[in-house]
Every structure is written in C-alpha cells, then in structure tokens.
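Here are a few exercises to work through with the model open in your viewer. Try each task before you read its solution.

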Amino acid sequence: TAYDRRRDYAKAEAALRAAVLAVPHSASAAWRLANFLLVRDRAPEALPLLCIAASDDPSLRLPVFDLGLKLLTDPQRVFAEVVPALPDSRRSYFYFLVWNKQLYKQAIPIWKKVILDRSEETLRIGTQYVEELATHGFGKQAADVWKDIVNQPAEGSSQPSADRMTNGDFEASLRNAGLDWRVE
C-alpha cells in the first residue's frame, strides 16, 4: 500500500507477489494482487489469482464471479478460467448465473457440468432451476434439466425415454417440486 501510494508500482507489485509466494493459499493476497493487475490492464495475469481468491475464501466468490463475467463476458469461459474446480464453487457459480444474473439459458452448459457432482445439494438447486426455467418460458430447457435430475442414480426412478411424464404410475414418492406431481 505504501509503495502504491508513492506510485512506485514496480515495488508494489513485487511486494504483492512476495505475499502470494509466502502464503500461496491466501485469498486476501491473491485478491489484492489480482486487483492491482486489473487496474493496470493485465487481466490475463489476474484470472488465476481470482480463482485462488474464490477457492480459499467463499465470501469472495460472488465478487470474483461478477468480475470474471465483466472481464470475459462468456459464462463458460468464466467457468473454465476463474471458477475453482470444487463442487461447492461450481454450484455457487451456477447459482450466481441463475439467481443473481438471470442468465437462465446461458447457465445450461454450466448445469451440464455441475450435475456431474450428483450431490443432494446439486439436485435441490437443479429442481429450483427447473422451476425458474419453466416460470420464464423456457419449457423445453426445463424438461431437459428435469430429465437430468430424474435420471440420476440417487433418485431411484428414471423417466422412460418415450414417456413425457415422470412418475406417471406414482412408482416413486412425490417430490412436489420441479416437473413432478404437485400436492396442495
């Protein structure tokens, strides 16, 4: 900070890089160096540091995802270059795209990668996503995502390929969500 205030940017960068080197998993150090580089129009160098920041401090994920989307504009590129390869981080990014940015259709390729996690949390978020897609007029996409969910091994019931109806004979319990039966 002192070097930066004196406009001695070479020494400021050296100090920030030394901090990242000394504590490689410091989200704070990575975040500060990334922002330093971004201010100096060096985004390609900043992207891996943003990934470290999001990986090591969950509270930085939304600012990192937002910044990544502003820099790269392509949600899939952000996923590949900025989002940490951790199931929780990937779910957070997917959630950010759908509920913070309302990028319903652009989130579909991300969903296809997130569903590979097959966790209960992923399936819960997927069910909410189906409802969001259906609510916003993306019926075909909602049906495709729903098919991804019901065809998971953990779900115990899959949708026969020729059928358009899931759980038509009430062979599984009612989910009361997504495109399943609703009881009110």
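## Warm-up: the overall fold

Along its sequence, the protein chain of this predicted model runs α-α-α-α-α-α-α-α-α-α.

**Exercise 1.** How many helices and strands does the protein chain have, and what percentage of its residues is buried?

*Solution.* Start with the secondary structure: there are 10 helices and 0 strands. Next, take the burial: of the 184 residues in the protein chain, 39% are buried. Finally, turn to the contacts between residues at least 6 apart in sequence: 49% of them join residues at least 24 apart.

## Two helices that meet

**Exercise 2.** Work out whether helix 2 is roughly parallel or antiparallel to helix 3, and describe the residues of their contact.

*Solution.* Step one is the geometry: the axes of helix 2 (residues 9-22) and helix 3 (residues 27-39) come within 9 Å, crossing at roughly 150°. Because angles over 145 degrees count as roughly antiparallel, helix 2 is roughly antiparallel to helix 3. Step two is the handedness, and here helix 2 passes helix 3 in a left-handed crossing.

Step three is to list who meets whom. Helix 2 brings Tyr 9, Ala 12, Glu 13, Leu 16, Arg 17, Ala 19 and Val 20, while helix 3 offers Ala 29, Ala 30, Arg 32, Leu 33, Phe 36 and Leu 37. Sorted by character, the residues of this contact come to 10 nonpolar, no polar and 3 charged.

## The nonpolar core

**Exercise 3.** Find which residues have the most contacts inside the largest nonpolar core, then follow Tyr 129 to its contacts.

*Solution.* First, the core itself: it holds 49 residues, and Val 64, Tyr 93, Phe 94, Leu 97 and Tyr 129 have the most contacts inside it. Helix 3 supplies the largest share of this core, 8 residues. As background, nonpolar side chains in soluble globular proteins tend to be buried together.

Now pick Tyr 129 and set aside its neighbours within four places in sequence. Its contacts are then Phe 94, Val 98, Trp 99, Tyr 104, Ala 107, Ile 108, Trp 111 and Val 145.

## A glycine in a helix

**Exercise 4.** Decide whether Gly 126 is buried or exposed, and say which residues it is in contact with.

*Solution.* Begin by locating Gly 126, which lies in helix 9 (residues 120-135). Its relative accessibility is 0% and buried means under 20%, so Gly 126 counts as buried. Leaving out neighbours within four places in sequence, Gly 126 is in contact with Trp 111, Val 145 and Ile 149. To finish, check a distance: Gly 126 and Arg 91 are 35 residues apart in sequence, and their C-alpha atoms are 9.8 Å apart in space.

Notes. Residues are numbered from 1 along each chain as its sequence is written. This is a predicted model: local features need pLDDT of at least 70, side-chain atom pairs count only at pLDDT 80 or more; totals for chains, interfaces and linings use all residues. Side-chain values use heavy atoms; hydrogens and water are left out. Axes are lines fitted to C-alpha atoms, for helices over the stretch in contact, and angles run from 0 to 180 degrees between N-to-C directions. Helices (H or I, at least four residues) and strands (E, at least two) are DSSP runs, numbered from the N terminus. Angles under 35 degrees count as roughly parallel, over 145 as roughly antiparallel, 65 to 115 as roughly perpendicular and the rest as oblique. A crossing is left-handed if the near helix is turned anticlockwise from the far one by less than a right angle, and right-handed if clockwise. Contact means heavy atoms within 4.5 Å. Ala, Val, Leu, Ile, Met, Phe, Trp, Tyr, Cys and Pro count as nonpolar, Asp, Glu, Lys and Arg as charged, and the others, Gly among them, as polar. A nonpolar core is a set of buried Ala, Val, Leu, Ile, Met, Phe, Trp, Tyr and Cys residues joined through side-chain atoms within 4.5 Å. Buried means under 20% relative accessible area, exposed over 50%, partly exposed in between (1.4 Å probe, protein chains only).
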